[in-house]
Structure formats: C-alpha cells, structure tokens
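Subject: Structure for you to look at, with notes

Dear colleague,

Here is the structure I promised to pass on, and my notes follow beneath it. Please read them with the model open beside you.

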Amino acid sequence: MTDSQTPPASGRRSAAAGQNPGVIATGDRARIDQRNLVLPADALRAAVSDEAVARLNNLPTPDSQVFKGRDDALDFLDALPSTGTGIVAQSVRGMGGIGKSTLVLHHARSHLNAERGPVWWIDASSAAAITTDLAALATALNPVHAALPLDEAAKWALAWLQGHTGWLLVLDNAEEPADLRPYLGRLSTGQVLVTTRRDLAWQDLGASLRLDTLTPAASLAVLQEITGRHTDIAALDSLADELGYLPLALQQAGAYLAQTRSSTETYLSELRADPAGVLAATPPGDPQQRTIAQLWSVTLSTLHTTNPHAVQLLRILACYAPDPLPRHILTTSLHTPRAVDHALGILAAYSMITLTDTTVTLHRLVQTVVRTATPAAIPQPQRKGLRRLLHRSQPTAPPHPSRTALALVHAAMPPGSPGDVSTWPAWQNLLPHIQATSTHQQSTRDTTELASLLRRTAFYLWARGQAAQALPLEERALQLTETALGPNHPDTVTCLGNLAETLSALGRHTDALPLKERALQVAETALGPNHPTTATCLGNLAATYSALGRHADALPLKERALRTTETALGPNHPDTATCLGNLAETLSALGRHTDALPLKERALQVAETALGPNHPDTATCLNNLASTYNALGRHTDALPLQKQALDITETALGPDHPDTATCLNNLAATYSALGRHTDALPLKERALQVAETALGPDHPDTATCLNNLASTYNALGRHTDALPLQKQALHITETTLGPDHPTTAMCLNNLAETLSALGRHTDALPLKERALRTTETALGPNHPDTATCLNNLASTYSDLGRHTDALPLQKQALHITETTLGPNHPTTALRLGNLASIYSDLGRHTDALPLQERALRITETALGPDHPDTALRLGNLASTYSDLGRHTDALPLQERALQITETTLGPDHPTTALRLGNLANIREVLTSSEGELSP
C-alpha cells in the first residue's frame with residue numbers, strides 16, 4: 001500500500017522517498033560512501049575570535065632579520081589598497097635569490113602588526129599546493145573544515161575571503177599562470193600579492209614590482225649587520241661586488257662568515273678560486289638554509305628537460321660578462337634567429353636573464369653556476385698521420401659553448417680600423433664580453449681566432465689611450481700566435497710589433513726595443529730583406545731608437561726603410577710618402593731641418609698625387625711640412641699650410657674628429673710663434689672641446705690639449721687660469737699612463753713652470769725634482785729629455801738664487817746634449833746659452849762669453865743667419881758684452897737681432913718690443929758714456 005505522503009516517482013530509474021533519512025542511489029553498480037563525524041559540543045566554535053581574526057597568520061620565519069635597501073619597494077607595497085572591493089592583485093617579480101619573498105614577508109608582517117589580518121602565506125608553486133594552503137586557512141578559521149575534502153575546504157576559504165575585507169593573501173613562488181587563474185579574478189576584497197620568478201603575461205595582475213639587485217651601499221650594510229664587522233669596509237665591499245649585490249648570496253656569505261668566524265679576505269679568495277663550491281656551502285649548523293647553487297640548479301634541471309635550446313643559449317651567455325650584451329650578437333647562436341628569440345623568451349620567463357629589445361644581461365652568479373654545470377670541452381686528438389681508408393664518417397661533436405661565444409663576438413667586431421672613432425661605441429659595448437670570453441675559453445681549436453680578437457681589441461684600447469689595459473691582451477695574443485703558427489710566422493711579426501708599440505705607449509722603450517729587433521729579424525727571415533713588411537719593421541725599430549734619444553742609430557734604418565719601400569712599391573706609393581716623412585723627422589731631431597725640408601716637400605707631392613689633394617693623409621703631410629717651416633723660423637710660410645690642413649681634415653673627417661683637434665692645435669701653435677696668442681686661444685679651446693667629446697675627458701690626448709691651452713693662457717699672462725688646467729692634465733696622465741711615464745714628467749715640468757710664473761718657486765722645486773727622477777728612470781740618465789729636466793731644475797735653482805746648485809746641473813745637461821745630439825745641434829746651442837746665463841748670474845762674465853759666442857755660431861750654421869733663434873743668440877751675446885762693459889761691441893748685435901726679429905716675427909710681435917727695449921738701453925748707455933767723456 002502506498003503512503004499518501006510519499007511523492008510519486010516517474011521516469012526511468014527514478015526513486016521516491018518519504019521519511020528515509022539515508023541516501024538513495026540509482027544506476028548500475030552505484031556505490032554510497034557515507035560518513036558520520038562526531039564532534040564535541042564546542043567544536044563548531046571558530047578557532048579564533050572575531051577580534052583575533054585580524055592577527056591570524058601562518059607567516060614563515062624570515063631567513064635573516066637583516067633587511068636593507070628595499071625602502072622604496074616597501075613604500076610601494078604599503079601604498080597598495082587593502083580594503084574595499086575591486087582591488088587588483090599585485091605581483092613582485094625577479095630572478096631567484098633577488099629577495100622577492102623576503103620583501104613581501106616584511107610587508108606582510110607590517111600588515112599584520114597593523115591588525116589588518118588574517119595574513120595567509122600560500123605556496124603557489126603548484127595548483128595542489130594552493131589548494132592545500134587555502135584548506136589550511138579554512139581549518140584555522142574553523143576546525144570543522146578539517147573533515148572536508150581539501151578542495152571543499154579551499155572553496156570555503158575562498159568564499160570567506162570574498163565576504164570579508166582587509167586581509168592579505170601571499171601567493172609565493174608562483175610558477176604557472178593557470179594555477180592562479182581560478183582565484184585572482186575572484187579575490188578582490190583584500191590584498192593579494194604574488195611573488196614569481198616567471199616573467200610571463202599574468203592576467204588579472206596590476207603593475208608588477210620588479211626587483212633588481214641591491215645598491216653597493218645597501219649590500220655593504222647587509223654584510224655588516226649579519227657579520228657584525230662594521231670596520232671591515234674594503235673587504236666587505238669587494239665581497240659584495242663579487243657576489244653581484246644579490247640579496248640571497250649576501251645573506252649566505254654573511255651567515256657563513258658569522259658562523260665560521262673566518263676572514264672576509266679568505267672567503268673572497270675561496271669564492272674566486274672555487275665559486276661553485278662556495279655558493280653551494282651552507283653555514284655550519286644550518287643545513288636547511290637555501291643556497292644560490294641549489295636555487296638555480298632546480299631551474300636549470302627543468303630547462304634542460306623542457307627547453308634544451310634555452311640551456312644551450314644560457315651556457316653561451318655564461319661565457320660573456322655580466323654586462324648588457326648586444327642582442328644582435330646572438331642571432332646565429334642557434335639554428336635560426338626565431339629559435340634564438342624563443343630561447344631568450346624562455347630564459348626571460350624564468351627570470352634567468354634580463355631581456356630588452358636590444359640587450360641581454362645574465363647575473364654574474366648565474367653565470368658561475370651555469371659554467372660550473374657545463375661539461376668541459378673535449379680535447380681534440382692529435383693526428384699522428386694520415387689514414388689511408390675511412391670506413392665511416394665520424395660524427396662531429398658540437399662546439400663547446402665557450403667556442404661558440406668566441407666565434408659570435410669575433411663576428412661582431414666592427415669592420416675597419418679599431419682606431420676609427422666612429423667604431424668606438426660598438427667596441428666599448430663589446431669590450432667586457434671580449435675580455436670575459438677570452439678568460440673562459442676552453443676550446444683548444446683555432447686559437448688564431450682568439451689571437452685575432454685580442455689583437456684588434458688591444459688596438460682599440462691603445463687608440464683610446466688605455467695602453468695599460470691593452471698590454472695583457474697583446475701579450476696573450478703573441479703567446480697564442482707563436483704556439484699556433486710558430487715563432488717565425490709573419491703573424492708573429494705583427495704581434496711582436498703591436499706589443500712593442502703598446503710598451504712604447506707606456507714609456508717602456510727599453511722593453512720594446514728587443515721585441516722590435518726580433519720582429520725585424522723574423523720579417524727578414526720569413527719575407528726577405530726587401531719586403532714592405534720588413535720596411536715597416538725597420539721604421540718601427542727606428543722609432544724606438546728615436547724615443548730612446550738614439551737618433552743617429554735611427555737614421556740608417558729609416559734610410560733603408562725608404563729604399564726598400566721605393567723599390568717594392570714604387571716612388572709614388574703612399575707608403576713611400578710615409579717613409580719620407582719619417583726620415584725627415586729623424587733629420588729634424590738631429591737638428592738638420594734644411595735636409596728634412598726637401599723630403600717633406602716630396603712626401604706632400606707624392607701624397608697629393610697618389611691620394612688626392614683632399615685626403616686626410618695629404619693634410620698630415622701639409623702639417624709635417626709646416627712643422628719644418630716653423631723649425632726654420634718660417635712661421636709665415638707654415639701658416640697657410642696649416643690652414644689648408646685644417647680645412648681638408650674638417651671636410652674629410654668632420655669638425656669633431658680627433659685629427660681636427662690636432663690640426664687646430666698645430667695652427668694655434670704657429671699663431672703663438674707669431675705672437676698672435678689671442679688668435680691661438682679660441683683654436684686651442686675648440687681643440688680641447690673636440691678631444692673631450694671624441695676621446696673622452698680622461699684620454700692622454702685630452703691632457704695634451706689641456707697643456708696646450710694652459711701654455712696660451714701663460715703666454716697671455718693668465719697664469720691663474722693655466723694652473724688648474726695643468727693640474728688636471730697631470731692627473732689624467734698619471735691615471736692613464738702611470739706616475740713613472742715620461743709624459744707624466746713633462747706634465748710635472750709644465751705645472752712647475754706655471755707655479756714659477758706665479759712666483760711660487762718653492763712649490764715648483766719638488767715637481768721638477770720628481771720630473772727629473774721619473775725621466776732618468778724611464779729613459780735613462782743620458783737621454784735628451786733627461787737633459788731637459790736637468791735644465792729645468794737648474795732654472796728653478798736660479799730663480800731661488802741657488803746659482804751654485806744650478807751650475808753642475810747645467811753642465812751635465814750640456815754634456816748629455818752634446819753626446820746624444822751632437823756638438824752642432826740647435827739644442828746644444830740652447831744649453832750653452834743657459835750655462836752662460838748662470839755664469840753671468842755668478843758674475844763670471846768672462847766664462848760666459850765663449851759659450852755665448854759658440855752658441856751663436858752653432859745656431860747660425862744649423863738654422864741660418866735669419867732665424868729667430870739666431871736673433872736670440874745675438875741678443876744674449878750682446879748682453880754679455882754689455883756685462884763686460886763692451887757696449888760698442890753689443891750695439892751691432894742688438895741692431896741685427898732687432899732686424900731679424902722684425903722680419904721673421906713682424907713689427908708688432910712681443911719679442912720685437914723686447915729687442916727694441918734692449919737696443920734702446922744700449923744706446924742710452926752709450927749716449928751717457930759719450931756725455932761723460934765730452935769736455
């Protein structure tokens with residue numbers, strides 16, 4: 001009988017129930033799992049009271065209590081809204097070890113301290129982990145949810161969050177956007193922070209906060225706080241730099257130092273020697289602490305399985321520097337450019353690299369870990385002989401990543417000469433990566449490619465005035481070339497010559513000499529005595545002899561270089577013009593300006609014919625010829641040549657080229673020689689501006705321009721304006737070339753001369769004494785430049801009234817000059833005049849007279865009877881006659897000196913005014929004498 005209260009059942013397999021308290025199941029093999037949970041009477045009460053919910057949290061214990069350098073990031077997080085509706089989740093992104101979780105943990109504790117909870121920390125590395133931690137939140141709010149399936153408890157927690165405001169949910173270490181998608185759009189009444197190393201297109205996230213490494217100052221503070229070593233600043237600074245300012249690495253190192261009490265220097269040396277081992281080591285007593293090596297090894301393992309091309313590219317990047325790498329270098333690193341872009345995208349998505357549209361950057365510690373995990377290069381077997389039969393082709397092993405990195409950067413070298421300033425920005429971008437990949441090179445195949453890269457890079461550094469940085473590259477290039485090609489190969493000649501030039505640029509001419517001698521010997525053996533390369537080696541060796549003051553030894557080499565070049569290439573070849581100019585320079589150094597003149601005239605003619613009248617090399621020949629005219633006192637003839645050279649250079653190379661600065665200085669020097677210092681001033685100012693822009697403010701050529709401008713200020717009587725320029729020039733030169741370089745000595749002398757002009761002779765004295773010591777050490781006690789320094793020091797002694805101290809220095813300077821340059825050199829005449837001046841200061845006029853007479857004879861013979869220096873000698877001799885009371889003998893000399901000066905320098909030149917005054921004084925003396933004798 002059917003109960004009237006029971007509803008009828010209808011439909012196939014339907015069921016009806018009246019008072020049945022159980023479960024009805026329909027369908028084949030239906031199974032019921034019914035459970036009963038017996039709870040105590042107070043079990044349904046919340047685990048925490050409503051007031052305590054604001055303090056509910058499961059925050060982890062921080063790895064370290066030290067937290068520095070993230071104030072701006074914390075301010076950003078604190079400014080995010082945390083109550084109301086429609087709040088958008090925020091992400092904190094960055095590479096592993098950058099401190100994402102640590103930052104959010106500090107923010108979360110601040111949030112909790114303000115009683116704005118609950119604050120719940122969720123492991124977001126997987127969907128299952130998120131569900132588990134949300135279920136834990138549900139249980140913390142009410143233990144009844146412990147009996148629910150995890151997904152049901154998680155849903156309850158989600159619903160609870162949707163119904164409340166003010167809470168903070170941290171989704172830490174999120175890996176996949178799909179794992180967060182079910183939650184982000186639904187959680188908008190509290191604050192959601194997501195930390196992730198994955199740089200992906202996350203949906204429903206606001207503007208991300210991207211963390212970078214700490215600043216050096218903050219890094220130092222972290223290490224000081226953890227270790228307690230507040231005075232160990234230098235060593236901790238170096239350690240922070242070596243660790244790349246990465247927070248986790250700093251924490252790991254600081255904890256290790258604090259636990260082991262080992263010295264910072266020891267840890268740093270061990271880190272450099274065995275970075276993989278040190279980065280994997282945990283502090284004693286804390287084996288669970290995360291380490292850098294562990295952190296990234298997991299990512300590398302994942303990538304190796306899922307994206308082997310990304311790992312391949314990462315290994316290549318590990319061979320470069322931790323500086324931004326131009327992205328175009330990697331275009332051919334994989335089988336297609338598209339594969340490269342895809343691999344870079346994968347690496348960026350895991351925050352293993354910093355990727356822009358133009359550059360790729362890999363942190364130095366990631367590089368270290370990757371290089372350590374990269375298999376070593378397989379040595380290539382040495383062939384003992386030729387096999388007669390090859391039964392099967394052998395598979396070719398893929399190149400080692402270091403070999404690929406080398407090939408890529410070699411292919412990226414700018415074309416043309418590294419001395420071309422237009423290529424310097426590209427070279428500067430490549431420089432740290434060239435240096436790094438050469439250091440990490442493991443492949444033993446084709447070392448000539450590495451040698452070529454090192455040679456060209458060294459050339460760039462040398463051109464930039466960084467010879468000290470170029471030197472180790474040149475030395476290694478020579479070693480690689482000799483090993484690969486042998487000691488007698490032409491490429492070895494090139495390496496020897498390049499290394500020698502770099503040593504010469506550093507003032508180490510004595511070290512350069514045997515290299516150039518060997519280069520010449522190898523060239524003659526390998527290529528023959530009449531080869532153009534042999535001629536080049538002859539010229540190079542001669543240049544070193546000249547730098548050592550051995551101009552007489554340089555002369556036959558340059559003469560032979562000219563003959564060889566003319567025979568091999570012809571009398572009208574541009575290289576012949578170069579040899580003509582080089583030979584002429586040596587003749588000028590020997591005081592034979594009249595012999596140099598026709599050579600420079602011919603060099604100009606050859607250059608104009610071979611290269612054209614508007615070629616930069618033609619401008620160089622014009623300047624060279626003008627310098628000889630100036631040496632001969634023909635400044636008015638030099639002036640139009642230098643104007644033409646400047647016009648050609650500006651047109652061919654541009655107004656901002658370093659060669660334009662050189663032309664400006666040359667023209668200005670001629671204006672100064674003509675007494676037109678006001679015309680010289682704007683040219684030298686512009687030359688300095690061009691040099692600073694084109695070469696940089698710290699280039700040695702910039703220092704030269706500073707000295708040139710200072711000399712014009714001095715000529716104009718503006719000594720206080722000259723002084724800071726010469727101090728700056730000295731600083732640049734000491735920094736780039738070293739404190740013991742001959743050019744540094746020159747800068748010391750220049751600065752001392754300005755101090756003397758200001759009457760500060762006691763300040764000038766130690767500078768000149770140091771200049772003498774530097775020159776003697778660098779060039780030897782018998783070098784002409786040493787004689788110049790002796791002369792300069794003697795002049796300061798004379799300024800201080802210490803004429804007896806000045807006398808032996810001037811005698812020594814004269815002896816050196818006569819020995820090295822010859823008894824008939826114009827500089828010998830200068831030394832004779834200076835020695836005579838000291839005799840006069842001591843009242844020994846009879847000793848001064850023969851010196852002045854000889855100085856005049858030498859100058860007239862070497863430079864001609866109408867040279868300005870001849871006028872100078874005439875005036876000096878006349879002064880000595882006057883000192884001896886022989887005014888009638890002095891008069892015709894002063895008259896002739898005036899005539900020469902007016903003719904060569906012009907009637908308005910300052911020296912002409914000086915001559916007029918001297919002549920007037922003698923005439924006045926003679927007039928007074930005649931009056932005294934009149935009856």
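How many bridges join strand S3 (residues 168–172) to S4, and in which sense do the two strands run, parallel or antiparallel? Four bridges join them, and the strands run parallel. Before going further, please keep in mind that this is a predicted model, and that everything below is computed from its coordinates.

The sheet

S3 and S4 belong to an open sheet of five strands, which has the order S2-S3-S4-S1-S5 and is paired in the parallel sense. At its edges are strand S2 (119–123) and strand S5 (209–210), each of which pairs on one side only. As general background, the strands of a sheet pair through backbone hydrogen bonds, either parallel or antiparallel.

On one side of S4, as said, is S3, where Leu169 stands opposite Val192 of S4. S4 also pairs with strand S1 (residues 90–93), again in the parallel sense and over four bridges, and here Val92 has Thr195 of S4 as its bridge partner. S1 in turn is joined to S5 by two bridges, with the two strands running parallel; within that pairing, Arg93 has Arg210 in S5 as its bridge partner.

Strand S4 itself (residues 191–196) is mostly covered, since six of its six residues are buried. In a regular strand the side chains alternate between the two faces of the sheet. In S4, Gln191, Leu193 and Thr195 point one way, while Val192, Val194 and Thr196 point the other way, and all of them are buried.

The helices beside the sheet

The connection from S3 to S4 passes through helix H5 (residues 177–184), and these three elements make a right-handed β-α-β unit. Another helix to look at here is H4 (residues 150–162), whose 13 residues should span 18 Å at 1.5 Å a residue, and whose end C-alpha atoms are indeed 18 Å apart, which agrees. The buried residues of H4 are Ala153, Ala154, Ala157, Leu158, Trp160 and Leu161. Seen down the axis of H4, these buried residues fall within an arc of 160°, so they line one face of the helix. What do the buried residues of H4 pack against? Their partners are helix H3 (127–141), S3 and H5.

A buried alanine

Further along the chain, Ala253 has its place in helix H8 (residues 247–260), and at 0% relative accessibility Ala253 counts as buried. If its neighbours within four places in sequence are left aside, Ala253 is in contact with Leu239, Leu243 and Tyr267. Ala253 and Leu268 are 15 residues apart in sequence and 9.5 Å apart in space, taken from C-alpha to C-alpha.

Salt bridges

The count of salt bridges comes to 26, and I describe three of them here.

In one of them, Arg403 pairs with Glu449, the closest N and O atoms being 2.7 Å apart. Arg403 lies in helix H15 (residues 401–411) and Glu449 in helix H17 (residues 447–463), so this pair ties together parts that are 46 residues apart in sequence. Buried means under 20% relative accessible area, so Arg403, at 15%, counts as buried, and Glu449, also at 15%, counts as buried.

Another salt bridge is formed by Glu524 and Arg560, with the closest N and O atoms 2.5 Å apart. Because Glu524 lies in helix H20 (residues 509–527) and Arg560 in helix H22 (residues 551–569), the pair ties together parts that are 36 residues apart in sequence. Glu524 counts as partly exposed at 27% relative accessibility, and Arg560 counts as partly exposed at 23%.

In the remaining example, the side chains of Glu585 and Lys600 meet at 2.6 Å, N to O. Glu585 lies in helix H23 (residues 574–589) and Lys600 in helix H24 (residues 593–611), so that parts 15 residues apart in sequence are tied together. Are the two partners buried or exposed to some degree? Glu585 is partly exposed, with a relative accessible area of 36%, whereas Lys600, at 2% relative accessibility, counts as buried.

With best wishes

Definitions and conventions: Residues are numbered from 1 along each chain as its sequence is written. This is a predicted model: local features need pLDDT of at least 70, side-chain atom pairs count only at pLDDT 80 or more; totals for chains, interfaces and linings use all residues. Side-chain values use heavy atoms; hydrogens and water are left out. A salt bridge is a side-chain nitrogen of Lys or Arg within 4 Å of a carboxyl oxygen of Asp or Glu. Buried means under 20% relative accessible area, exposed over 50%, partly exposed in between (1.4 Å probe, protein chains only). Two strands pair if DSSP finds at least two bridges between them. A crossover is right-handed if, with the strands pointing away from the viewer, the path from the first strand over the helix to the second runs clockwise. The expected span of a helix is 1.5 Å times one less than its number of residues. The arc is that of the directions from the helix axis to the C-beta atoms. Contact means heavy atoms within 4.5 Å.
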